[in-house]
Amino acid sequence: MKKLILVGKTQCGKTTLTQRILNEDIKYHKTQALDLVGKFIYDTPGEYLEKKFYRGALFVAAAEADLMVFMQSAADKDTTYFPPMYSALFPKPIIGLVTKCDIATPEQIEAAKVALYEAGVPAEKVYVISSVTGEGFDVLLDEIGVTDEDIKEMREAERLKLLEEQE
């Protein structure tokens, strides 16, 4: 299983994606710092992309990942924080996710794809998903190599982590 690092602006769906992959209840949670979830997903605060002075933290965190996941919400109106060819800064494989396709128009979905292409994500590595409805998840899970057994292991690890924090 690949270690992923999720990169995208605030509220693009990074934490919701993680909750969906782990089959958890989807609930809003603002990520405040780099968070390793389920032993293989690095959830990053949106500020790591939005604020130039935090980007150094993103580069350091990316060193631990096997796969960069650039995320662009289709529901955002013409807003992207990915600089042109941003992917060139990371010597890692990169995929792109257009999120929130369940609440976006076809035009918004296409605009989000273009933002990811301009950030340097290859067209054949851009996937359209909804973490709420599950649309696009079968292909995504195949791409990142996550099995049902992996999910069970991660959920158990998260459960143990929570128990440990409560002690």
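Here is a quick tour of two pockets, two helices and a pair of contacting residues.

This is a predicted model, so treat what follows as computed from it. The largest pocket holds about 500 Å³ of space, and the second largest has a volume of about 380 Å³. Helix H6 gives the largest share of the lining of the largest pocket, while H1 does that for the second largest pocket. The buried residues of H6 also pack against H1.

**The largest pocket**

- There are 17 residues in the lining of the largest pocket, and the ones nearest its centre are Glu24, Lys27, Val37, Glu158 and Leu162.
- Three elements each put two or more residues into that lining: helix H1 (14–21), strand S2 (35–37) and helix H6 (148–166).
- H6 supplies six residues, the largest share of the lining.
- Sort the lining by class and you get 10 charged, four polar and three nonpolar residues.

**The second largest pocket**

- For the second largest pocket, the lining runs to 24 residues.
- Nearest the centre of this pocket sit Gln11, Cys12, Gly13, Lys14 and Thr16.
- H1 hands over four residues, the largest share of this lining.
- By class, the lining of the second largest pocket has 13 polar, six charged and five nonpolar residues.

**Helix H6**

- H6 has 19 residues, which at 1.5 Å a residue should span 27 Å, and that agrees with its end C-alpha atoms being 27 Å apart.
- Buried residues in H6 are Asp150, Ile151, Met154, Ala157 and Glu158. They take up an arc of only 125° around the axis, so they lie on the same side of H6.
- Turn to the face of H6 pointing away from that buried side and you find the exposed residues Asp148, Lys152 and Gln166.
- As for packing partners, the buried residues of H6 go up against H1 and S2.
- Glu158 shows up twice here: it is buried in H6, and it is among the residues nearest the centre of the largest pocket.

**Helix H1**

- H1 is mostly covered, with six of its eight residues buried.
- Those buried residues are Lys14, Thr15, Leu17, Thr18, Gln19 and Ile21.
- Lys14 is one to look at twice, as a buried residue of H1 that also lies among those nearest the centre of the second largest pocket.
- After H1 comes Asn23, which has a positive phi, near 60°.

**Thr79 and Gln72**

- Look for Thr79 in the loop between strand S4 (67–73) and strand S5 (94–99).
- Thr79 has 28% relative accessibility, so it counts as partly exposed; the buried label is kept for residues under 20%.
- Setting aside residues up to four places away in sequence, Thr79 touches Lys9 and Gln72.
- From Thr79 to Ala115 is 36 residues in sequence, yet their C-alpha atoms are 8.7 Å apart in space.
- Gln72 belongs to strand S4. Its relative accessible area is 5%, so Gln72 is buried.
- Beyond its neighbours within four places in sequence, Gln72 has contacts that include Thr79, Thr80 and Phe82, as well as Leu97, Val98 and Thr99.
- Ala112, Ala115 and Leu116 are also among the contacts of Gln72.

Conventions
Residues are numbered from 1 along each chain as its sequence is written. This is a predicted model: local features need pLDDT of at least 70, side-chain atom pairs count only at pLDDT 80 or more; totals for chains, interfaces and linings use all residues. Side-chain values use heavy atoms; hydrogens and water are left out. On a 1 Å grid over the protein atoms alone, a cavity is a set of points where a 1.4 Å probe fits but cannot get out, and a pocket is an open set with protein on both sides within 12 Å along at least five of seven lines; lining residues have an atom within 4 Å of a point. Grid points are joined across faces, edges and corners, and a volume is the space filled by probe spheres set on the points. Ala, Val, Leu, Ile, Met, Phe, Trp, Tyr, Cys and Pro count as nonpolar, Asp, Glu, Lys and Arg as charged, and the others, Gly among them, as polar. The expected span of a helix is 1.5 Å times one less than its number of residues. Buried means under 20% relative accessible area, exposed over 50%, partly exposed in between (1.4 Å probe, protein chains only). The arc is that of the directions from the helix axis to the C-beta atoms. Contact means heavy atoms within 4.5 Å.
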